[in-house]
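Open the model in your viewer and keep the sequence panel in sight. We will move from stop to stop, selecting as we go.

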Amino acid sequence: MTSPPAVRGPILTVTLNLALDVTYVADGVDWDGVNRVRTVHRRAGGKGVNVARVLAALGRDVLVTGLSGGPNGRAVEADLAAAGLPAALTPIAAESRATLAVCDLGPAPSGTAARRTALFNEPGPAVTGEELGRFLRDYETRLGRAGAVVISGSLPLGVPAAFYAELATLARRRGVPAIVDADGEPLRHAPAGRPSIVKPNAEELARALAAQEDGPRAPGENPAGPGTGPVTGPRGHGETFAGAEALRRGGAEAVVVSLGAGGLLAVTPEGAWRAAMPYRVEGNPTGAGDALVAGLALGLVEGTPWPERLRRAAALGAAAVAAPVAGDVDRETFQRIHPEIVVEPARP
């Protein structure tokens, strides 16, 4: 993974629901008994933080922004400083959340290693309107020198579902390309902000398009708006393609759908592509989507052609699965799988 050339300003990452990530690694988990933990990792987390870690490892200037409060928030800030990740976090009164990942390295019944991971995510703090307004002022100031912005993760309590769309709109007005990686209502609203890329996975895309708007809707009507055709949620390639097109018609410039071991589907102004993985990488999936988004951000600021942009993003996602902790990538896995990923034009 060679370091790309410098770009204007740092890549800004936004993590409103910052977290202190705790990972337990055990040699076998007994869900009905007492377990001994082999290793424990505690580090700053949240999707934007993971994106920033990968970008920094690839030689990019980054700036971590978001909301931070309480002892967990202070622990996150200390870890970011220790990792050398520049941060400008807006303080809040409530405590930032913690998350727990339990990684089971015990043997499967067949005798082969079973890398299984269970995730436990707290909902996050309650944010006041005054705190959110202060973050917005900070955000607009930092956009002035940003090369791109990645807006990702869940929203803490008190933050409107359309807030990511508002952040994307502000970025576009400043000429800063934005990527939005969200779920549920924030994802459904995101295209209205006209971001450069919206990055759901297939399940998130299905949920967003199946979500009910206020008021009645005819059966099968697309929540992206009238005239967009019926979409009931992706169940296969055709449905996923149609869902991505619906988000584009809603305002997103490009939509990249992660398909897990199935690779990626990208629907863009220059065409549509499918990146197929040569094999499945076993490990901890936490942070794989964030590494993928880091790859998309690199391609965005460099102007990399879409096929190579997708190949690198997919390889980074796979390399993150092979790493034990979110925010890391396994370089050997990246080097091995990158040239084997096949990117071909996709059709509905």
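This tour of a predicted model visits a sheet, the helices across it, a run of paired strands and one threonine.

**Stop 1: the open sheet**

Select strands 3, 2, 6 and 7. These 4 strands form an open sheet, in the order 3-2-6-7. Its pairing is mixed. Now colour the edges: strand 3 (39-45) and strand 7 (116-121). Each of these two pairs on one side only. Turn the view to follow the twist, which averages 15° from one strand to the next.

**Stop 2: inside the sheet**

Keep strand 2 (residues 19-26) and strand 6 (residues 97-104) on screen. Do they run parallel or antiparallel? They run parallel, and 8 bridges join them. Which residue of strand 6 does D21 face? Pick D21 and look across: T99 stands opposite. Strands of a sheet pair through backbone hydrogen bonds, so show the backbone atoms here.

**Stop 3: two helices across the sheet**

Add helix 1, residues 47-57. Helix 1 lies across strand 2 and strand 3. Its direction is at about 95° to strand 3. Next, add helix 2, residues 70-83. Helix 2 lies across strand 2, strand 3 and strand 6. Against strand 3, helix 2 runs at about 90°.

**Stop 4: a hairpin and a further strand**

Jump along the chain to strand 12 (residues 264-268) and strand 13 (residues 271-276). How many residues does the hairpin between strand 12 and strand 13 pass through? The hairpin joins them through 2 residues. The two strands run antiparallel, with 5 bridges between them. Click L264 to find one such pair: its bridge partner in strand 13 is A275.

Now bring in strand 14, residues 342-345. Strand 13 and strand 14 run antiparallel, joined by 4 bridges. For a pair to inspect, select W273; its bridge partner in strand 14 is P345.

**Stop 5: T333**

Finish at helix 10, residues 331-337, and select T333 within it. Is T333 buried or exposed? T333 counts as buried because its relative accessibility is 4%, and the cut-off for buried is under 20%. Show its side chain. The side chain of T333 makes a polar contact with the side chain of D330, at 2.8 Å. Then display V281, A318, A319 and A322. T333 touches these four, leaving aside residues up to four places away in sequence.

Conventions: Residues are numbered from 1 along each chain as its sequence is written. This is a predicted model: local features need pLDDT of at least 70, side-chain atom pairs count only at pLDDT 80 or more; totals for chains, interfaces and linings use all residues. Side-chain values use heavy atoms; hydrogens and water are left out. Two strands pair if DSSP finds at least two bridges between them. Buried means under 20% relative accessible area, exposed over 50%, partly exposed in between (1.4 Å probe, protein chains only). A polar contact is a pair of N or O atoms within 3.5 Å; within protein, one must be able to donate a hydrogen and the other to accept it, and residues adjacent in sequence count only if both atoms are side-chain atoms. Contact means heavy atoms within 4.5 Å. Axes are lines fitted to C-alpha atoms, for helices over the stretch in contact, and angles run from 0 to 180 degrees between N-to-C directions.
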